[in-house]
Each structure stands twice: as C-alpha cells, then as structure tokens.
Amino acid sequence: MNRRMAAVNILEDREALAQWVAENRRAGRSVGFVPTMGALHAGHVSLFQTARQECDRVIGSIFVNPTQFGPNEDFQRYPRTLEADRILLEGAGCDALFLPAVDLIYPPGHQTVVRVGAVAEGLCGACRPGHFQGVATVVAILFNRVAPQRAYFGLKDYQQFLVIRQMVRDLGLAVAVVGLPTVREADGLAMSSRNRYLTPADRHQSLALYRAMTAAQAVYADGQRDPTRLEETAREVLTGAGIDRIDYVAVRDRETLAPLTRIETDPVLLLAVHVGVARLIDNRILQSEL
Ligand code: AMP
C-alpha cells in the first residue's frame, strides 16, 4: 500500500502513545512531531509534508489547549473538525495522530508550568496574559510524551516559535525546533483556523494585513530605517481599511523581539488586529533587498 494514503493511527490514551513511541525507538526510527489545535488547513499540511521528508515517522497532535486561552477568548467555540482533519492528514503522510483528553495532559492535581522570560512578555504575551505560559507548558508536556527528534512550527505564529525555541534551549530538551514559512491564500491572507470566523465583509477587510506588510516592506526597501515610521506606514493601511481594533503594529529585532531604536539587521514586522470576531496575526521579515 502507498504509505501516503495509509490510515492514520489514532492514539487516544497514554499507553497507546507510549507503545508507538517505544516501537519507533526500538527500531531506531526518527520521529517528527507537528502539534496543532486541529481545524487543519494547508498551512498545517505544509508542516506535515516537511516532517515527512525529514523523518522516518510523523506524528501530529490535536489538542485545543484550555490553558492558552483567556477567559473571554474562543476556547468553547474554537472549530473542531476531526473527521476532515483525519482525511487531510492521510493525504499529508502523517503516520499517527495523538488525540489526548484534557486530563491526560493535565492530570488532576497538575501544578507545574513553564514560563518563558522576555521573548514571551511583549506583543501577544502582553495582550493575552498567560497565553505563552499555556503554550510553553503544553508543548513541554507533549515533547516529553512524544519524544520527537524534530518538531515543526509555523512562522505565522512568529512569537510562539521564538518562545518554544527559547524553552527548548533553556531546558536543554533534545528536540530540533523547525520553523516553516507562512502558507497564504492566493490573495495574501495567512491561512488560519480562525479565518472561518470571518464574514465576507470581514474577509475583504482582512486583506489589509497583507497590504500593510507590503507597504512597510516597500518603504523599508526604499531605505526607511526608522521603526516608528515603518510602523506608521503599516498602521495607516490598517486604519484606512477600517480596522480600528489594533492590538499592535511593531517592528522588532527578529531574534529577540526587543524594541529597536535603530535598525541594523533586517527586523520583523508583527501585526495583531481584530476583524469582526476574529483576532488575526501576521508578520513579515523586512528585507533590504528582495
Ligand atoms: P494551530 O493549530 O493554530 O495551533 O497551529 C499549529 C501549527 O501550525 C503552529 O505551529 C502554527 O504556527 C502552524 N500554522 C498555522 N497557520 C499556518 C500557516 N498559515 N502557515 C504555516 N504554518 C501555520
């Protein structure tokens, strides 16, 4: 049978996962891991496809992690589309899917968390208190249970990628963290599970994110090196499109996310805005030469 279309092995309990992990370890196979919250799209698929190329076995997880949602966020209504996800994963060359219940990840009495420092504190860390602690904690737990050699993340969630990379360094975890480019719709909107919250009017308005990044890139390529001016350029595009709830528009050091007074190496522009009921984020590394 063509392994790419083989049924995905669904692992729901601790023992089934442990057995899968032990089998691969015994056989000396490398394992690539893609943690997700489901409602999968082509952005997720790109992570699985790269894992497939680089590892002997590929495992994904779907876990809508309650600890990374704030009290007024979309945990309850986060899209859950397991059957469609399973079909997508079969086509993406995924071997196994870990589907833990909440109390497998957080057993009763759970009281240990992972809190990453400076890189997790600004931007989404400031707008969503506790979010990155929830992310770092769940990823650490998943890494321990799945024990992958490599783990794949999207650069769409740029700060999340840096937070996880930092955690892995600081805790000395034996996993290579791989960041992969953002997959976009044909018109530039970054794919996101939350895009399905957008009405047609919201969907139209959401294109301003891509336009804002393109505008900032253009003035950067023309030589503008004042971070505030670059941020203003992007912000004007957003407000011009009627986006009035802007969490942040920020030009930051691409490795540390520290604010910049002067730009010496190509920085990252990060955006977070609300369109309708959706909170959308996107980012772009500004390039002096395209
Ligand atoms: P999520 O299910 O939203 O938690 O995302 C799971 C993984 O997929 C994370 O590493 C995300 O950064 C990544 N991801 C989400 N959207 C995209 C996208 N448009 N392109 C590439 N990776 C993505």
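**Helix crossings and ligand contacts**

Biologist: Is the crossing of α9 and α10 left-handed or right-handed?
Modeller: The crossing of α9 and α10 is right-handed, meaning that the near helix is turned clockwise from the far one by less than a right angle; helices here are DSSP runs of H or I with at least four residues, numbered from the N terminus. This is a predicted model, in which local features need pLDDT of at least 70 and side-chain atom pairs count only at pLDDT 80 or more, while totals for chains, interfaces and linings use all residues. Residues are numbered from 1 along each chain as its sequence is written, and side-chain values use heavy atoms, leaving out hydrogens and water.

Biologist: At what angle do α9 and α10 pack?
Modeller: Helix α9 (residues 207-221) packs against α10 (residues 227-240) at about 150°, with axes 8 Å apart, the axes being lines fitted to C-alpha atoms over the stretch in contact and the angles running from 0 to 180 degrees between N-to-C directions. That makes the pair roughly antiparallel, a term for angles over 145 degrees.

Biologist: Switching to the ligand, which residues are closest?
Modeller: Of the 16 residues that surround the ligand, the closest are Met-37, Gly-154, Asp-157, Val-183 and Met-191, where a residue counts as near if one of its heavy atoms lies within 4 Å.

Biologist: And which ligand atom does Asp-157 approach with its side chain?
Modeller: A polar side-chain atom of Asp-157 lies 2.6 Å from an oxygen atom of the ligand, and a polar side-chain atom of His-44 is 2.9 Å from a ligand oxygen. Val-183 instead offers a polar backbone atom, 2.8 Å from a nitrogen atom of the ligand.

Biologist: Back to helices, how do α6 and α7 pack?
Modeller: Helix α6 (residues 131-146) and helix α7 (residues 158-171) pack at about 55°, with their axes 10 Å apart. The crossing of α6 and α7 is right-handed.

Terms used. Helix = DSSP H or I, 4+ residues; strand = E, 2+ residues; numbered from the N terminus. Parallel < 35°, antiparallel > 145°, perpendicular 65-115°, else oblique. Polar contact = N/O pair within 3.5 Å; in protein donor to acceptor, adjacent residues only side chain to side chain.
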